[in-house]
Amino acid sequence: MAMDDIFAQVREGNAFNVRLWLDNTENDLNQGDDHRFSLLHWAAREGRANIVDMLIFRGARINATNMGDDTALHLAASHGHRDIVLKLLHNKANINAINEHGNTPLHYACFWGQDQIAEDLVNNGALVAISNKYGETPLEKSKSFLQRILSERAAALGQDLKKVPFKDRSWLGYKTRSRDATLSRHSGIDIAQLNLHTKLCSSHSGELWRGTWQGNDIAAKILTVRRLTIRDTRDFAEEFPRLRIFNHPNILPVLGACNQPPNLVVISQFMPYGSLFNVLHEETGIVVDQNQALRFAIDIARGMEFLHTLDPAIPNIYLTSKHVMIDEDLAKINVDDPKYISKRRDGAVTGVDEDLACRINMADYKFSFHERGKVYSPAWMSPEALQKKPEDINVKAADMWSYAILLWELATREVPFAEVPPMELGMKVAHENLRLSIPPGTSPHMARLMKICMNEDPGKRPRFEMIIPILEKMKQSGN
């Protein structure tokens, strides 16, 4: 189905066809149409509540803006879809978001006489005295009886009813626009289109550069291949399209690739916070408390659960904290929040931040022709994965062992087996029964979960869909 068609399907409320489209991993649900209306914008505008649910569940950006800087909440409030307004608010929609005219969702609810929605918005913190560009407040857009109800309610909630002048924040440049559809239509890219300006690191597998492409901040991984054959370039061309997974919030997709010998380059979105390994073990300024650690654990489990549903499965995805990237949770982030604005303006990434999310990096996939037979992160690998050929192991069970190591990392903030040289480590884990010990003071629930996930018998390890509810319950109970 073409991109233009999916917008029509959403507008018409064809949930079955929308679900089929979302199931195609190459389809980006955060793309915008010619006016940057996302699928969520259209579903909210047309009152398609079941499709709104589906899009939110799949990771749609709640506060994405169209060309006029309207959010989905602006459109749902304008068109009187109360159930959708409440759903969006429940999922951290920015209640006082301003569009290009300076209007908030409450301005539109008042102007269009959506009385009940206006009351809902005020009850949830919408400001009644904030001015748009033309000096008009929501109260001034209301009919007299609604004006009275809203002003009384706002006063009871402690709002100052004195007029707040319009403040232009466009200079900050932090509006989260719906993505340009051309971004995910590309796959093969000419290397001359890339502006690679900063080398981030070198490793055995290649060089990682930061750069720009079509105005987007990207990371480009240039693979190191000793002797590049025609077969290698053919395998690369066949394998990388499967890494373009745009339809899950906890997967970081490959945007495209350059297949121009001698250069094989994998391109993904640049993540300024770096990897989970960086955040846990290096001086990034981000504090990972117990609640944040559980949120990260849930994100990773959801991403892995999704990867395990793919048929055929994607081989050679090795789960380590180096292959999990930290991103701002743009699905829910409130770009007008003063804390967020000051943090981005000052370039600071400090403190506990509830708007961070984990995404499994598809650019760290190990291509079939790349470094055959070499193991570089034995600390995260299961004993059987270190002993047997890939085709002879239960990959899903091996992934669960790797996940248990990540849980240990999140609980201890330590590098697993840091004192053992990598060359020795694989042998000791595989043949000498070297294992991590769970330190005293670890939450009993987390300790039990680690032991279950690290069962010596691969057949007795749980699946990701089994442990996500356990993690959710731990998060709710605070341990």
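Leaving aside its neighbours within four places in sequence, which residues is Leu55 in contact with? Keep that question in mind while we get our bearings. What you are looking at is a predicted model, so everything below describes a computed picture of the chain.

Let us start with the whole. The protein chain has 479 residues, and 52% of them count as buried. Its secondary structure comprises 19 helices and 10 strands. Now consider contacts in the chain with a separation of 6 or more: residues 24 or more positions apart account for 72% of them.

Back to the opening question. Leu55 has its place in helix α4. Beyond its neighbours within four places, Leu55 touches Leu22, Leu29, Leu39, Leu40, Ala43 and Ala60. Is Leu55 buried or exposed? Leu55 is buried, because its relative accessible area is 0%, and buried means under 20%. You can also compare two ways of separating Leu55 from Val18: along the sequence they are 37 residues apart, while in space their C-alpha atoms are 9.3 Å apart.

Some of those partners lead us to another helix. Among the buried residues of α3 are Leu39, Leu40 and Ala43, and these names also appear among the contacts of Leu55. Helix α3 covers residues 39–46 and is mostly covered, with 6 of its 8 residues buried. The others on the buried list are His41, Trp42 and Ala44. Just after α3 comes Gly47, with a positive phi of about 75 degrees.

Next, let us see how helices pack against each other. Two packed helices are described by the angle between their axes and by the distance between those axes. Take helix α6 (residues 82–90) and helix α8 (residues 115–123): their axes come within 10 Å and cross at roughly 15 degrees. Angles under 35 degrees count as roughly parallel, and α6 and α8 are therefore roughly parallel to each other. Their crossing is right-handed. On the α6 side, the contact is made by Arg82, Val85, Leu86 and Leu89, and on the α8 side by Gln116, Ile117, Asp120 and Leu121. Sorted by class, the residues of this contact are 5 nonpolar, 1 polar and 2 charged.

A second pair lies further along the chain. Helix α16 (residues 395–412) and helix α18 (residues 444–453) have axes that come within 8 Å and cross at roughly 155 degrees. An angle over 145 degrees counts as roughly antiparallel, so α16 is roughly antiparallel to α18. This crossing is left-handed. Met400, Trp401, Ala404, Leu407, Trp408 and Ala411 of α16 make the contact with Met446, Leu449, Met450 and Cys453 of α18. What classes do the residues of the contact of α16 with α18 belong to? There are 10 nonpolar residues, with no polar and no charged ones.

Cys453 from that contact brings us to the cysteines. How many disulfides does a search of the whole structure find? The search finds 0 disulfides. Cys453 is buried, with a relative accessible area of 0%, whereas Cys201 is partly exposed at 39%.

Finally, look at some details of the backbone. Most residues other than glycine have a negative phi, and most peptide bonds are trans. With that in mind, find Asp69, which has a positive phi of about 65 degrees although it is not a glycine. Asp69 sits in the loop between α4 (49–58) and α5 (72–78), and at 13% relative accessibility Asp69 counts as buried. Asn433 is another non-glycine residue with a positive phi, this time about 60 degrees. Asn433 lies in the loop between α17 (422–431) and α18. At 53% relative accessibility, Asn433 counts as exposed.

Where can you find cis peptide bonds? One joins Pro261 and Pro262, with an omega of about 10 degrees. Pro262 is in the loop between β7 (254–260) and β8 (263–269). Another cis peptide bond joins Asp311 and Pro312, where omega is about 5 degrees. Pro312 belongs to the loop between α13 (290–309) and β9 (324–328).

Conventions: Residues are numbered from 1 along each chain as its sequence is written. This is a predicted model: local features need pLDDT of at least 70, side-chain atom pairs count only at pLDDT 80 or more; totals for chains, interfaces and linings use all residues. Side-chain values use heavy atoms; hydrogens and water are left out. Axes are lines fitted to C-alpha atoms, for helices over the stretch in contact, and angles run from 0 to 180 degrees between N-to-C directions. Helices (H or I, at least four residues) and strands (E, at least two) are DSSP runs, numbered from the N terminus. Angles under 35 degrees count as roughly parallel, over 145 as roughly antiparallel, 65 to 115 as roughly perpendicular and the rest as oblique. A crossing is left-handed if the near helix is turned anticlockwise from the far one by less than a right angle, and right-handed if clockwise. Contact means heavy atoms within 4.5 Å. Ala, Val, Leu, Ile, Met, Phe, Trp, Tyr, Cys and Pro count as nonpolar, Asp, Glu, Lys and Arg as charged, and the others, Gly among them, as polar. A disulfide is a pair of cysteine sulfur atoms within 2.5 Å. Buried means under 20% relative accessible area, exposed over 50%, partly exposed in between (1.4 Å probe, protein chains only).
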